[in-house]
Amino acid sequence: MKVTAIPAFRDNYVWAIHDDRSAILVDPGEAAPILAWLETQQLHPVAILVTHHHADHVGGIREITARQAIPVYAPGNEAIFGRTHPLLGGETVVIAELGLAFQVLATPGHTLGHLGYFGHGALFCGDTLFSCGCGRLFEGTPAQMHASLSRIKALPADTLIYCAHEYTRANLDFALAVEPDNPALHKRLEEVRELRGQGKPTLPVSLSTELACNPFLRCDEPSVAAAAARHANHPIQPGLATFATLRAWKDEC
Ligand code: ZN
Ligand code: FE
């Protein structure tokens, strides 16, 4: 299984999961760069996986499926054009052309029907988890997002995380404000500066790196809870209360 980032808009990545013939497209927000990439690579699309209904993740579906009717796997409880396979989490998506199968994870928070697709050591997590950050709570509650991130934390530590946006550099500023003395963050910052300097994506990133760096996955750490308490100016329990405080803090930045 090869995975290639197709940049779209300002900072989106459409992930193409492919071999030498066929490609699965994850969150095709914009058709033009995808069609150009398929053409250059001489690949044909066999399926679309959608994490949530936002335009920057679904905007290309109409044009891609107009050329060829392919299955569109997407949240069943969100309005999504062209969806052929509504999913709620707990299903397995089998893509026979590539011999691949993905477990569907319900990850509500950013949106209520948000899904992740996990398989073959990879998680396609849309706008739920970003490197050193997490999605904004447009529809869900802090408790829903905290539970979704806990589900992701339980995956094998060597899982590669494929996020839908290149937000890592900006997220690191916030993460360093929370944990200025976390050595893993300083290491990641160096690595990210180098990758971005070369115009390369900072993704995928391993779950183990995120567990060491991402403040939103580290809400049980005393250092993170203490930072939340300093920001709120009153004591904050580790866990959900720390998560809710961090999310609100980042929204102010
Ligand atoms: Zn979104
Ligand atoms: Fe997005």
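**Exercise 1.** Identify the strands that each supply at least two residues of the lining of the largest cavity, and state where this cavity lies relative to domain 1 and domain 2.

*Solution.* Three strands meet the condition: β2 (12-18), β10 and β13 (160-163). Strands are DSSP runs of E of at least two residues, helices runs of H or I of at least four, numbered from the N terminus. This is a predicted model, in which local features need pLDDT of at least 70, side-chain atom pairs count only at pLDDT 80 or more, and totals for chains, interfaces and linings use all residues. Residues are numbered from 1 along each chain as written, chains are lettered from A and ligands numbered from 1 in the order written, and side-chain values use heavy atoms without hydrogens or water.

Next, rank the strands: β10 gives the most to the lining, with 3 residues. The lining includes Phe124, Cys125 and Gly126, along with Tyr13, Trp15, Tyr162 and Cys163. Val26, Asp27, Thr51 and Ala164 are also among the lining residues. By class, the lining divides into 8 nonpolar, 2 polar and 1 charged.

Then locate the space. Domain 1 (1-85) and domain 2 (106-214) both contribute lining residues, so the cavity lies between them. A search of the whole structure finds 1 cavity of 30 Å³ or more, and the largest cavity holds about 40 Å³ of space. On a 1 Å grid, a cavity is a set of points where a 1.4 Å probe fits but cannot get out, and lining residues have an atom within 4 Å of a point.

**Exercise 2.** Work out which residues coordinate the iron ion (ligand 2), and which parts of the chain its donors Asp56 and Asp127 tie together.

*Solution.* Start with the donors (N, O and S atoms within 2.8 Å of the metal, 3.2 Å for Na, K and Ca). The iron ion (ligand 2) is held by Asp56 (OD), His57 (NE2), Asp127 (OD) and His165 (NE2), at 2.1 to 2.3 Å. Along the chain these donors follow the spacing D-H-x69-D-x37-H. Asp56 sits in helix α2 (residues 55-58), while Asp127 sits in the loop between β10 (122-126) and β11 (129-130), so the pair joins parts that are 71 residues apart in sequence. Asp127 is buried (under 20% relative accessible area), its own value being 4%.

**Exercise 3.** Do the same for the zinc ion (ligand 1), and determine which residue coordinates both metals.

*Solution.* The protein donors are His52 (NE2), His54 (ND1), His110 (NE2) and Asp127 (OD), lying 2.2 to 2.3 Å from the zinc ion (ligand 1). In sequence their spacing is H-x1-H-x55-H-x16-D. The pair His52 and His110 links distant parts of the chain, 58 residues apart. His52 is in the loop between β4 (44-49) and α2, and His110 in the loop between β8 (100-106) and β9 (115-119). Both His52 and His110 are buried.

The shared residue is Asp127, which coordinates both the zinc ion (ligand 1) and the iron ion (ligand 2), with the two ions 3.2 Å apart.

**Exercise 4.** Place Trp249 in the structure and decide whether Trp249 is buried or exposed.

*Solution.* Trp249 belongs to helix α9 (residues 240-252). With a relative accessible area of 12%, Trp249 is buried. Ala228 is 21 residues from Trp249 in sequence and 8.3 Å away in space, C-alpha to C-alpha.

Methods
Buried < 20%, exposed > 50% of the residue type's maximum accessible area, 1.4 Å probe, protein only. 1 Å grid on protein atoms, 1.4 Å probe; cavity = no way out; pocket = protein on both sides within 12 Å on 5 of 7 lines; lining within 4 Å. Points joined across faces, edges and corners; volume = space filled by probe spheres on them. Nonpolar A, V, L, I, M, F, W, Y, C, P; charged D, E, K, R; others polar. Domains from an automatic or database assignment.
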